[in-house]
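Please examine the sequence and the three-dimensional structure shown here before reading on. The paragraphs that follow lead through the structure step by step, from its charged pairs to its strands and its surface.

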Amino acid sequence: MNAQPQSATPADPAARRPATAVILAAGMGTRMKSDQPKVMHPLAGRPMLRYLLDHAAMVFDRIVVVVGPGMEQVAALAAPHQVVVQADRLGTAHAAAQAADLFGDGDVAVLYGDNPLITPESMRNLVACRATPGVGLALMAMRPRDPGRYGRIVSEDGLVRRIVEWADASEQERAIGLCNAGVLCAEAGSFRRWLSMVRNDNAQGEYYLGDVVALAVAEGQQVRTVEAPEDELRGINSRAELAEAEACVQKRLRAAAMDAGVTLVTPETVFLSVDTVFETDVLVQPHVVFGPGVRVLRGAEIRAFSHLEGCVVGPGALIGPYARLRPGSDVGAAAHVGNFVELKGTTLGAGAKANHLAYLGDAAIGAGTNVGAGTITCNYDGVFKHRTEIGADCFIGSDAILVAPVAIGDGALIAAGSVITENVEAGALAFGRARQENKDGRGAALRDALRRKKEQG
């Protein structure tokens, strides 16, 4: 018995038959303890099912998604691919059988929606293995660091003979390092026949897809493995496993960013979304989070402990530390957004600066304008949002409150501590604060009165 079977040599992908991917996504994931379907939980800002759909679309001619009853959200995500409903959740073979009428005449691969990290390359290898002359069934396998309770693949002369579950395995079989990942590919007609033959005479009373392997071997079919890394084939059944998968995705995204010319000072502290876009020579300091929809242009620097989402950072711009860019914000070339500054739906023109302690919401700020510490654009009146328009080369003094809707013309100067409720013309100097009065001696008198009151109890 050979415990280390060799995978089949892939055939020429260009010569392959049409192929259909059936994605099983009907599970609710009770171990996730969630009201939403398991495959809708996000990895790097994207539902895990979306990864599998996108990767499968690069390889297969048709995709069919099997969902459970009441899973309209999953069906909507699967569109425009065909969807079938598994009315009763009776096991993985039963789920795959619900799509049997849509298998077509080529090859069929069954994938799992909660196993989302399989790459297009590994999918192609699976299909190519099945296309190798004489191979009736191809299955994906891995060599996990901790084989644990995975089913072991028992082989002889390079061919799979059976899959033995850990509970049923002998000590010799448990020593086998090659483990079953559950993903199968076979000719459509054979797959339909095997699915119809699967029985549910087991402790759980379910129809298991893995039983197809024994049926193929019993018919004298060659069954071969295609190996892929554990990180690609890990299943997600709990919050802990979701976190492990997130770590795998983040590792991939960070590596891709650095390969593309981005400097991540401490990569393990930077968290990316799958759609984060970087141009070259971007510098990202430690502990930065990129939510969905962020684009950072050439030469920009994102300093530590900043959070960005749904925004554009222009070339040479400087963000942070401790900055927050919310959706709809656009920071121009060489502009500065400093510590404890929050932008929301705001355009900051080229060279403009808001270096500390400001909230700029629903605003357009012109090139070269300086926004002082403590400035606030009051954009919400309790019912509606309003915009603030600030021209180019303005100076907004510290602690200015700009009550929208309001417009400030080019080159205007707003005095520190002002509350601005009316438009300011270009080049004007605006004061919007109460007149200061100094009362001689009144400060000391008031302090003495307060001290006496405190002493009297």
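A residue is called buried when its relative accessible area is under 20%, exposed when that value is over 50%, and partly exposed in between. The structure itself is a predicted model. Asp107 has a relative accessibility of 1%, so Asp107 counts as buried under the 20% cut-off.

Asp107 is a suitable starting point for the charged pairs. Side chains of opposite charge can pair when their charged atoms come close. Arg17 and Asp107 form a salt bridge in which the closest N and O atoms lie 3.4 Å apart. Arg17 belongs to the segment before β1 (19-24) and Asp107 to strand β6 (residues 107-112), so this salt bridge ties together parts that are 90 residues apart in sequence. The two partners can also be described by their cover: Arg17 is partly exposed at 33% relative accessible area, whereas Asp107 is buried.

How many salt bridges does the model contain? The count comes to 22 salt bridges. Another of these pairs joins Asp448 to Arg451, with the closest N and O atoms 2.9 Å apart. Both residues lie in helix α10 (residues 442-455), and because they are 3 residues apart there, about one helical turn separates them. Asp448 counts as partly exposed, with a relative accessibility of 33%, and Arg451 also counts as partly exposed, at 43%.

Salt bridges may also share partners, and Arg145, Glu230, Asp231, Arg234 and Glu244 are joined in this way into one network. Within this network, Glu244 and Arg234 form a salt bridge whose closest N and O atoms are 3.2 Å apart. Glu244 sits in helix α9 (residues 239-259), while Arg234 sits in the loop between α8 (230-233) and α9, and the two are 10 residues apart. Is Arg234 buried or exposed? Arg234 is buried, since its relative accessible area is 10%. Glu244, in contrast, is partly exposed at 41%.

The discussion now turns to annotated positions. An unreviewed UniProt entry places the feature "binding site" at Asp114 and Asn237. These positions span 124 residues in sequence, yet no two of their C-alpha atoms are more than 7.2 Å apart, so the positions gather at one spot. Asp114 is located in the loop between β6 and α4 (120-131), and at 16% relative accessibility Asp114 counts as buried. Asn237 is located in the loop between α8 and α9 and counts as partly exposed at 26% relative accessibility. Which residues are in contact with Asp114, leaving aside its neighbours within four places in sequence? They are Lys38, Val39, Met48, Arg234, Gly235, Ile236 and Asn237. With its own neighbours within four places in sequence left aside, Asn237 is in contact with Arg31, Met32, Lys38 and Asp114. Lys38 thus appears in the contacts of Asp114 and in those of Asn237.

The strands come next. Strands of a sheet pair through backbone hydrogen bonds, either parallel or antiparallel. Strands β8 and β9 illustrate the antiparallel case: 5 bridges join β8 to strand β9 (residues 159-164). Val154 stands opposite Arg162 in β9. The two strands form a hairpin with 2 residues between them, and Asp157 in the turn has a positive phi of about 55°. Strand β8 (residues 152-156) is mostly covered, with 4 of its 5 residues buried.

The parallel case is found in an open sheet of 8 strands, whose order is β13-β16-β19-β22-β24-β26-β29-β32. Its edge strands, β13 (277-278) and β32 (406-408), each pair on one side only. Within this sheet, strand β26 (residues 363-365) pairs with strand β29 (residues 388-390) in the parallel sense over 3 bridges. Ile365 stands opposite Ile390 in β29.

The surface completes the account. Phe305, Tyr322, Phe340 and Leu357 form a nonpolar patch there, and together these residues have about 420 Å² of accessible area. One of them, Phe340, is found in strand β23 (residues 336-344). Phe340 is partly exposed, with a relative accessible area of 48%.

Definitions and conventions
Residues are numbered from 1 along each chain as its sequence is written. This is a predicted model: local features need pLDDT of at least 70, side-chain atom pairs count only at pLDDT 80 or more; totals for chains, interfaces and linings use all residues. Side-chain values use heavy atoms; hydrogens and water are left out. Patches are made of residues with over 30% relative accessible area and no salt bridge: like charges are joined within 9 Å, nonpolar side chains (Val, Leu, Ile, Met, Phe, Trp, Tyr) within 5 Å. Accessible areas come from the Shrake-Rupley method with a 1.4 Å probe; for residues, only the protein chains shown count as cover. A salt bridge is a side-chain nitrogen of Lys or Arg within 4 Å of a carboxyl oxygen of Asp or Glu. Buried means under 20% relative accessible area, exposed over 50%, partly exposed in between (1.4 Å probe, protein chains only). Two strands pair if DSSP finds at least two bridges between them. UniProt positions are given in the numbering used here, feature names are shortened, and annotations may be inferred rather than shown by experiment. Contact means heavy atoms within 4.5 Å.
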